[in-house]
Structures are given as structure tokens and as C-alpha cells.
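Open the model in your viewer and keep the sequence panel visible. The tour below goes from one selection to the next and says what is there.

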Amino acid sequence: MQITIVTVGKLKEKYLREGIAEYTKRLSAYCKLQIVEVSDEKAPEELSASEMEQVKRKEGERILAQIKPDHYVIALAIDGQMWSSEKLSSELDKLALHGRSQVAFVIGGSLGLSAEVLKRADVQLSFSKMTFPHQLVRLVLVEQVYRAFRIGRGDAYRTKP
């Protein structure tokens, strides 16, 4: 399976980069993982509603340019469905069984995802009703994908390899 994570912005924090690198290494036994960073749109602190939509639209265009027609797209959105780790594992297994081996997870910028990206998504997934920094969500996502593959293979999940 090919997993692509399309995300807005560069990862600056060392501890997040190290955590993602660790799970990326672990995932290499289960799938091919690619993380694609698209640039975030620079904007002032105070934005009108129309300016917010414009920022999301521009970031959305960059995201959509990275998504292939055969990608099964899972957009991370606060209003999305909430799945357990077992459900994520089951969904990834189903996709693989049905020949949908190209999966793209999408993480928006600080303002969220554009309507166009949400429309392209096959499913919207939420990790919580709480708001998290999108950089932290990247780490949580790679950990959950790793956990999903471990569950799917019947391997006991553990924090140390």
C-alpha cells in the first residue's frame, strides 16, 4: 500500500520531526509512506471571513495538485467521522482488498481545509472535537497509521519495536 500524507506547512519542531521519523521507519515494514508538504499561505493575524476562505482556497489548490485521480482521499477535519484505531485498521484493510492501494491523508493549515478539498475527499476523519496544531496532527496520524497496520496484521501493538 502507498500512503501519502499531504500537509500544509513545514515542520519546524525537532521533537515532532524525530517522532515522525521514528514512525516512518517503523511503517516501512508495512507500506510505502510519502509526506508531501505544500506551502502555507501567508496571512495577517486578523482575517475577515472572505480572507479566510481565500487562504483556504489557495492552500487547497496546492493540496489538490498533489492528489492523483486514483487516490482514496481521507481528509482530516474536525467535523469528520470519529473512528477507533481498529476501525482505521479495518478501513485500510478493506481498501487494500478492493484494490485501492493509493491512499492520501490530507492535513490542512491552521484555518482548516477548503470546500474543494473536502468535496474531493472520499471520507472526512476527525481525531477529536478538540483543536490541535496541524503539525502535531501529523505525528498523531503517522502513529495511528502504524497502529492500524499492526492491528491489521494481528501484531500486538507496542510502543517499542
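The stops are the sheet, a helix lying across it, a pair of helices and two pockets. This is a predicted model.

**The sheet**

Select the strands first. Five of them form an open sheet in the order β2-β1-β4-β3-β5, and the pairing is parallel. Go to the edges next: β2 (32-38) and β5 stand there, and each has a single partner strand, so one side of each has no neighbour in the sheet. Direction ignored, neighbouring strands of this sheet are turned by 30° against each other on average.

Now narrow the selection to β3 and β4 (residues 102-107). These strands pair in the parallel sense over four bridges. To find one of the partners, pick isoleucine 74: its bridge partner in β4 is phenylalanine 105. Strands of a sheet pair through backbone hydrogen bonds, so display those of the backbone here.

**A helix across the sheet**

Add helix α2, residues 49-64. Which strands does α2 lie across? They are β1 (2-8), β2 and β4, and the helix runs at about 160° to β1.

**Two helices that cross**

Hide the strands and show α3 (residues 85-97) with α5 (residues 134-152). Their axes come within 8 Å and cross at roughly 70°, which makes α3 roughly perpendicular to α5. On the α3 side of the contact, select Ser85, Glu86, Leu88, Ser89, Leu92 and Asp93. On the α5 side, select Gln144, Val145, Arg147, Ala148, Phe149, Ile151 and Gly152. Coloured by class, the residues of this contact divide into six nonpolar, four polar and three charged.

**The largest pocket**

Bring everything back and turn on a surface. The largest pocket has a volume of about 540 Å³. To centre the view on this pocket, select Leu76, Ala77, Ile78, Gly112 and Phe132, which lie nearest its centre among the 24 lining residues. Which strand gives the most to this lining? It is β3, with four residues. The elements that each supply at least two lining residues are β3 (72-82), β5 (123-126) and α5. By class, the lining has 13 nonpolar, nine polar and two charged residues.

**The second largest pocket**

For the last stop, move to the second largest pocket, which holds about 260 Å³ of space. It is lined by 14 residues, and Asp40, Glu41, Ala43, Ser110 and Leu111 are the closest to its centre. This lining divides into six nonpolar, three polar and five charged residues.

Methods
Residues are numbered from 1 along each chain as its sequence is written. This is a predicted model: local features need pLDDT of at least 70, side-chain atom pairs count only at pLDDT 80 or more; totals for chains, interfaces and linings use all residues. Side-chain values use heavy atoms; hydrogens and water are left out. Axes are lines fitted to C-alpha atoms, for helices over the stretch in contact, and angles run from 0 to 180 degrees between N-to-C directions. Angles under 35 degrees count as roughly parallel, over 145 as roughly antiparallel, 65 to 115 as roughly perpendicular and the rest as oblique. Contact means heavy atoms within 4.5 Å. Ala, Val, Leu, Ile, Met, Phe, Trp, Tyr, Cys and Pro count as nonpolar, Asp, Glu, Lys and Arg as charged, and the others, Gly among them, as polar. On a 1 Å grid over the protein atoms alone, a cavity is a set of points where a 1.4 Å probe fits but cannot get out, and a pocket is an open set with protein on both sides within 12 Å along at least five of seven lines; lining residues have an atom within 4 Å of a point. Grid points are joined across faces, edges and corners, and a volume is the space filled by probe spheres set on the points. Two strands pair if DSSP finds at least two bridges between them.
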